[in-house]
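User: Please take a close look at the part of this model around the ligand, and then set out how the helix pairs pack.

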Amino acid sequence: SLGSDSAKAERMFRLMDGFLKNDSISLQQDILRHVEYTVARSRFNFDDFEAYQALAHSVRDRLIERSHDTQLYFKRKDPKRVYFLSFEYLMGRSLSNSVINLGIRDQYADALSQLGFEFEVLAEQEGDAALGNGGLARLSACQMDSMATLDYPAWGYGLRYEYGLFRQVILDGFQHEQPDFWLNFGNPWETERVHVTYPVKFYGVVEEENLNGEKCNVWIPGEVVEAVAYDNPIPGYGTRNTITLRLWAGKPSDQHDMEAYNTGDYINAVVCRQKAENISSVLYPDDRSFQGKELRLKQQYFFVSASIQDIIRRFKEAHSNFDEFPEKLNDTHPSLAIAEVMRVLVDKEHLGWNKAWDIACKIFSFTIHAVIAEGLEKIPVDLLGSLLPRHLQIIYEINFTFVEELKKRIGLDYNRLSRMSIIEEGAVKSIRMANLAIVCSHTVNGVSKVHSELLKAKLFKDFYELWPQKFQCKTNGVTQRRWIVVSNPSLCALISKWLGTEAWIRDVDLLTGLRAYAADPDLQQEWMMVKKVNKMRLAEYIEAMSGVKVSLDAMFDVQTKRIHEYKRQLLNILGIIHRYDCIKNMEKSQRSKVVPRVCIIGGKAAPGYEIAKKIIKLCHAVAEKINNDTDVGDLLKLVFIPDYNVSVAELVIPGADLSQHISTAGHEASGTGSMKFLMNGCLLLATEDGSTVEIVEEIGADNLFLFGAKIHEVPKLREEGSPKMPLQCARVIRMVRDGYFGFKDYFESLCDTVDGGKDFYLLGSDFESYLEAQAAADKAFADPNKWTQMSILSAAGSGRFSSDRTIRDYAEKTWGIEPCRFPSDG
Ligand code: 9GP
């Protein structure tokens with residue numbers, strides 16, 4: 001009868017005519033149906049944006065089907081899962097990535113062309129989801145793609161900021177920030193789960209109560225905000241598995257509103273509503289240091305508390321104890337999860353402190369993305385105590401137990417004890433969130449070999465000596481699906497043709513197969529053509545953005561990343577001034593030997609980071625001078641690409657010949673931009689910092705241009721200071737100081753950072769070797785076959801830097817989880 005579950009299921013299945021079909025007619029019907037009923041436009045009259053919206057909804061339908069299958073399958077199999085907690089995700093656009101991972105891009109392109117639209121044109125209508133600042137956030141997005149593709153039973157959790165990373169607008173060469181209200185035109189990919197909501201408490205007091213003769217703590221909050229879930233499907237490639245990125249948004253608690261209405265305090269209720277929504281409204285745009293702001297702490301707890309409640313709810317559906325669920329803390333931002341898990345297990349589940357602590361210590365693994373202590377968060381005790389009084393008690397208790405244990409292990413070495421304590425005494429007594437995370441996590445990892453060694457030797461030396469077995473290395477990686485397949489379709493087709501398979505898209509180690517053909521003239525010819533096409537795309541974009549026409553014969557030399565002193569965009573600009581100066585002072589007859597360059601710089605400066613903003617202005621001032629100098633012409637151009645984001649990167653990276661990763665050695669934890677350029681056959685000019693050291697291991701020092709001080713040389717060079725300033729560097733700085741590029745007074749403090757006696761980032765002492773590396777790059781570029789061979793070998797060696805490798809490594813060695821693949825051929 002229809003009463004039985006299977007009969008019901010069968011009827012439902014029949015009523016919906018099975019699953020959605022992917023033939024051209026079905027896709028066209030589907031798109032038109034969404035034009036008519038979702039976008040509510042007439043099917044006879046809709047524009048590109050409306051067509052994009054309908055298309056996105058049609059793709060989303062297919063994602064939802066797969067997501068349901070995946071979740072039901074996970075539920076049935078009940079594997080050990082991983083919960084990925086990250087405060088930031090830089091997802092970029094979703095359309096192309098989704099249809100490629102679903103394996104129906106060509107079908108959609110065909111369906112659209114029958115309707116009179118072009119897939120690429122519609123894809124351009126989509127805005128970026130920029131819910132993060134830089135490397136860490138984009139890494140999270142890449143890792144979600146890999147977790148889905150490798151069939152891991154994973155969930156991502158984060159915050160649904162209403163304002164993503166600010167839009168960078170350049171006026172007269174100065175950066176201005178404009179809000180990115182990315183949800184203005186709706187977000188077709190997400191599903192609001194109105195019933196998946198959790199109360200999140202703030203402020204108030206903790207009272208002791210007696211429960212069956214046992215004392216227990218009860219937190220009476222002063223404010224309650226509701227967290228509502230928004231689910232974003234993340235499809236795997238070559239699998240039906242589609243996992244979920246669940247982002248939380250704030251909404252007013254019903255309870256709170258009711259009370260307010262009852263007392264007639266209508267205005268207050270509305271203000272409360274506004275306050276609740278504010279929690280998730282804006283992303284902090286500074287990726288340098290954390291300033292202990294209350295709203296930021298609220299955001300962190302809001303995200304952590306809702307995620308933990310959700311995880312525990314799901315866990316309890318299938319288990320009667322809490323022995324197994326792993327969580328990954330991506331940086332210190334989610335470290336409050338530790339105190340929250342303890343609070344739930346002790347105060348709500350009444351497990352007892354020791355049992356709860358045992359469980360907590362099995363749950364967490366912690367990834368550090370910073371190199372210097374200032375990059376690690378500290379929360380003032382007063383702030384934490386007022387916002388989260390019970391959590392402060394818990395952290396004190398964890399610290400007390402830890403320090404007592406530590407005394408037994410190391411004796412009364414008070415210096416070491418105070419360095420390792422979770423509580424930092426000082427002018428502002430604070431909680432060291434990284435120490436809290438290390439104490440509780442079963443594994444702690446850096447994001448490149450060099451970085452992981454630095455953590456052990458410097459930043460967390462004391463902890464490493466105590467728990468050497470906790471420390472691991474997980475070198476970062478990026479997804480080849482986004483960074484080759486989506487962004488460089490011509491290269492993707494070329495690689496598949498020469499390898500005779502598309503299997504490298506899931507099994508990236510196969511890229512090494514290209515090595516065998518690196519010297520093959522036919523491949524080289526085709527490789528050069530692909531680069532040319534991508535350079536043309538980029539040149540058109542540059543002209544549209546800046547009005548500067550660039551020559552395709554020039555070397556496209558790119559440095560795009562957040563603007564930071566340690567990333568040394570200033571060194572790049574000083575090098576460009578030097579190049580300009582040389583060309584100007586050269587005999588005209590010599591100029592034919594100059595390798596023409598188009599120097600491309602892009603990136604955002606944190607709004608309060610004055611020196612970084614001056615670097616942007618200097619770049620524009622120098623560009624103005626050079627680009628208008630007809631005497632120099634195509635030999636040198638400098639362009640700044642405004643508002644660098646994921647979708648701009650998808651255009652810039654495939655078109656680059658050379659890219660610069662020139663941080664002062666010992667300052668970049670890993671760097672992932674270099675990996676994307678490498679995959680696209682772009683040669684690197686780099687210092688031996690972060691993951692570059694491993695890139696050298698993989699492709700050989702002959703295939704990139706290395707320069708500069710090594711990590712171990714940096715401290716000594718810093719001591720020596722300015723006497724090392726070479727003449728060439730002093731000369732270009734003098735040009736800036738003398739007002740050669742205008743804005744003389746404005747650039748003074750910027751010049752001081754180099755020749756003012758400190759030169760902390762060692763621009764002076766690295767300058768000569770930087771110029772040598774640049775000269776070596778010129779020389780190699782002048783020989784197109786040699787250059788192309790190096791380019792092929794770069795891409796061929798990039799497999800190790802896929803996030804698939806990183807995620808597999810985490811899954812096997814840290815999280816202890818296994819793939820759980822929906823049984824279908826996708
Ligand atoms: O600065 C690091 C960068 O080197 C690394 O590649 C990235 C991903 O691990 O994280 C960056 N850190 C942040 O974005 C914030 O600490």
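Analyst: What follows treats the ligand shell and then two helix contacts. This is a predicted model, in which local features need pLDDT of at least 70 and side-chain atom pairs count only at pLDDT 80 or more, while totals for chains, interfaces and linings use all residues. Residues are numbered from 1 along each chain as its sequence is written, and side-chain values use heavy atoms, with hydrogens and water left out.

Of the 13 residues around the ligand, H369, N476, E668, S670 and G671 come nearest, where a residue is near if one of its heavy atoms lies within 4 Å. By class, this shell has five nonpolar, six polar and two charged residues; Ala, Val, Leu, Ile, Met, Phe, Trp, Tyr, Cys and Pro count as nonpolar, Asp, Glu, Lys and Arg as charged, and the others, Gly among them, as polar. Among the polar contacts (pairs of N or O atoms within 3.5 Å), a polar side-chain atom of N476 lies 2.8 Å from a ligand oxygen atom, and a backbone N or O atom of G671 also lies 2.8 Å from an oxygen atom of the ligand. For A669, a backbone N or O atom lies 3.3 Å from a ligand oxygen atom. The protein covers 87% of the 390 Å² of accessible area that the ligand has on its own, by the Shrake-Rupley method with a 1.4 Å probe.

Turning to the helices (DSSP runs of H or I, at least four residues), helix 21 (residues 521-546) and helix 31 (residues 784-796) pack at about 85° with axes 10 Å apart, and are therefore roughly perpendicular (65 to 115 degrees). In this contact (heavy atoms within 4.5 Å), helix 21 contributes L523, Q524, W527 and M528, and residues of helix 31 include P784 and I792. The axes of helix 7 (residues 135-149) and helix 32 (residues 803-815) come within 9 Å and cross at roughly 70°.

Conventions:
Axes are lines fitted to C-alpha atoms, for helices over the stretch in contact, and angles run from 0 to 180 degrees between N-to-C directions. Helices (H or I, at least four residues) and strands (E, at least two) are DSSP runs, numbered from the N terminus. Angles under 35 degrees count as roughly parallel, over 145 as roughly antiparallel, 65 to 115 as roughly perpendicular and the rest as oblique. A polar contact is a pair of N or O atoms within 3.5 Å; within protein, one must be able to donate a hydrogen and the other to accept it, and residues adjacent in sequence count only if both atoms are side-chain atoms.
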